[in-house]
Amino acid sequence: MIPVASLTMHDERSDLASSLLTEDRFSLSRNAFGADFKWGVSTAAFQVEGAWNVEGKGPSIWDEFTRRNGTIRSGHLADTSCDFYHRYAEDIDIIKFLSIDHFRFSISWSRILPAGTGKINAAGVDFYNRVIDRCLRLGIEPWITLYHWDLPLELKKKGGWANRDILGWFTEYTSLCVKLFGDRVKRWIIMNEPLAFTGAGYFLGIHAPGHKGLGNFLPAVHHATICQLSSGRMVKDVLPGAEVGTSFSCSMITPVNDQPRNVRAAARMDALLNRMSVEPLLGMGYPVDQLPSLRKIEKYFHPSDEKLYGFRFDFIGLQNYTREVVMHVPWVPYVHASIVKAGRRNVPVTSMDWEIYPPSIFEMLKRFSAYPGVNKIYVTENGASFPDKVENGHVHDQERMRYFSLYLSQVLRAKNEGVNVQGYFAWTLLDNFEWAEGYHQRFGLVYVDFETRQRIIKDSAFWYKAFLEK
Ligand code: BGC
């Protein structure tokens with residue numbers, strides 16, 4: 001619980017944050033982004049909700065994966081996590097307190113359809129109704145992400161994303177969500193980072209469901225593509241007034257030096273990490289020019305896919321954290337390239353060992369906006385993990401403030417150069433379950449004590465608040 005006392009501390013903390021805003025290196029004004037620019041914060045169901053088996057929720061692939069030995073650092077589980085399921089009201093009040101007007105959260109598919117299809121869990125539906133209604137009551141706009149990686153376990157047993165039947169399952173789930181929440185929710189994000197969950201979960205085996213190899217990865221990728229297109233169209237058909245998008249992670253890619261083989265390696269990595277998620281959705285196909293082994297994906301095409309490619313999303317959700325430096329490594333299968341870890345490059349890094357490189361978000365905004373068919377962009381995630389410490393009830397996370405302000409300056413630079421970027425969501429509201437890293441990484445604006453679940457508003461959150469109120 002956030003003690004009332006810490007809420008009443010806000011003036012003092014805001015003063016500190018305001019003074020930081022006027023310091024040169026932090027100087028940034030909300031007004032410069034325009035009055036219509038949307039300011040938000042994002043979360044994901046599995047990372048914050050906990051309540052993994054209460055009130056009729058079915059298990060997801062992550063509930064199962066986290067129980068397998070050696071999958072998650074220190075064997076952490078997300079069974080309780082931030083307990084957002086029970087503390088959502090307090091957490092939404094914090095969003096309000098921080099003057100954030102937009103809240104992006106995801107629906108846990110197996111909370112409302114415990115087996116993935118068929119029987120509906122009324123308690124789960126009720127929970128999301130309460131979340132949405134509380135947001136609306138407080139003047140916060142709710143944004144729904146339909147899929148942030150937590151597939152119902154029952155569907156994994158039937159092949160999950162590698163089974164083309166997912167198209168039917170995902171359609172049923174989408175249509176249910178639209179029916180249940182579409183009267184109040186006007187902005188929809190179909191998927192979160194399809195390439196991350198297919199790459200980590202179906203090729204590398206380091207995320208749920210832990211599958212490996214091209215034979216799992218390629219069908220999963222293609223099925224994610226067609227599910228995004230068909231669900232996007234469905235939401236739009238049922239809710240013509242809604243805005244519909246889907247979110248990708250992307251990173252600027254730089255060759256380690258200008259040797260031609262490293263430059264070519266960077267182009268291949270770029271195809272894999274950046275082009276592969278957006279281009280198929282724009283009807284441009286998969287980037288086989290750079291990655292010929294991707295041709296095998298054609299095996300999973302179906303003549304009926306063709307009609308899906310005509311759909312255009314209202315917006316693309318762009319998510320950026322870092323840049324990647326790449327070198328040619330002949331023995332790495334398929335891409336023949338490898339990422340040179342930031343820790344080995346003597347550059348500033350976050351606790352994830354991700355390079356702090358603000359121009360990356362500028363470059364990616366420029367590139368994505370140049371695709372014909374990308375009409376509008378919202379930055380749906382950007383943020384950083386640092387080793388936060390509580391000192392006398394406060395968290396003085398200067399590095400995060402600095403990270404946000406530097407990245408935001410680059411968003412503004414892109415906007416001023418004509419990119420149609422119309423919103424920014426910080427990742428993330430609460431310290432939470434960071435997938436394979438468990439609770440070792442803290443990305444939140446709000447600190448969570450995972451023993452007591454106490455929330456402490458970090459200085460970076462006060463900084464964001466002061467920026468939004470300026
Ligand atoms: C994901 C989040 C994750 C964050 C930091 C994004 O790729 O959407 O779920 O917590 O990155 O790793």
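A residue is called buried when its relative accessible area is under 20%, exposed when the value is over 50%, and partly exposed in between. The legends below use these classes for a predicted model.

**Figure 1. Overall view of the predicted protein chain.** The protein comprises 470 residues, of which 60% are buried. Its secondary structure consists of 15 helices and 13 strands. The radius of gyration is 21 Å, which agrees with the value near 23 Å for a compact globule of 470 residues. Along the principal axes, the C-alpha atoms fill a box of roughly 60 × 55 × 45 Å. Among contacts with a separation of 6 or more, 76% join residues 24 or more positions apart. The exposed area is about 17,400 Å², and carbon and sulfur atoms supply 53% of it.

**Figure 2. Charged groups of the protein and the K57–D63 pair.** There are 54 positive and 52 negative charges, and the mean positions of the two sets are 5 Å apart. The count of salt bridges comes to 33. One of them joins K57 to D63, with 2.9 Å between the closest N and O atoms. K57 and D63 are both buried.

**Figure 3. Salt bridge between helices α7 and α5.** The closest N and O atoms of R134 and D93 are 3.1 Å apart, and the two residues form a salt bridge. R134 belongs to helix α7 (residues 122-137) and D93 to helix α5 (residues 84-97), so the bridge ties together parts that are 41 residues apart in sequence. Because the partly exposed class runs from 20% to 50%, R134 falls within it, having a relative accessible area of 21%. D93 is also partly exposed, at 32% relative accessibility.

**Figure 4. The K458–D431 salt bridge and its network.** The side chains of K458 and D431 meet at 2.7 Å, N to O, in a salt bridge. K458 sits in the loop between β13 (455-457) and α15 (459-469), while D431 sits in the loop between β11 (421-427) and β12 (446-448); the pair therefore ties together parts that are 27 residues apart in sequence. Both residues, K458 and D431, are buried. Through salt bridges with shared partners, K458 and D431 belong to one network that also includes D388, D397, R400 and R442.

**Figure 5. Surroundings of C250 in the loop between β5 and β6.** This loop lies between β5 (243-249) and β6 (252-255). C250 has a relative accessible area of 3% and is buried. Leaving aside neighbours within four places in sequence, the contacts of C250 are N274, L318, Q319, N320, M364 and F368. From C250 to R275 the C-alpha to C-alpha distance is 8.7 Å, and the two residues are 25 residues apart in sequence.

**Figure 6. Surroundings of T145 in strand β3.** Strand β3, which holds T145, covers residues 141-147. T145 is buried, with 0% relative accessibility. When residues up to four places away in sequence are not counted, T145 touches R104, F105, S106 and I107, together with I189, M191 and N192.

Terms used
Residues are numbered from 1 along each chain as its sequence is written. This is a predicted model: local features need pLDDT of at least 70, side-chain atom pairs count only at pLDDT 80 or more; totals for chains, interfaces and linings use all residues. Side-chain values use heavy atoms; hydrogens and water are left out. Helices (H or I, at least four residues) and strands (E, at least two) are DSSP runs, numbered from the N terminus. The radius of gyration is taken over C-alpha atoms; the globule rule is 2.2 Å times the number of residues to the power 0.38. Buried means under 20% relative accessible area, exposed over 50%, partly exposed in between (1.4 Å probe, protein chains only). Contact means heavy atoms within 4.5 Å. Accessible areas come from the Shrake-Rupley method with a 1.4 Å probe; for residues, only the protein chains shown count as cover. Lys and Arg count as positive and Asp and Glu as negative; His and the chain ends are not counted. The place of a charge is taken as NZ of Lys, CZ of Arg, CG of Asp or CD of Glu. A salt bridge is a side-chain nitrogen of Lys or Arg within 4 Å of a carboxyl oxygen of Asp or Glu.
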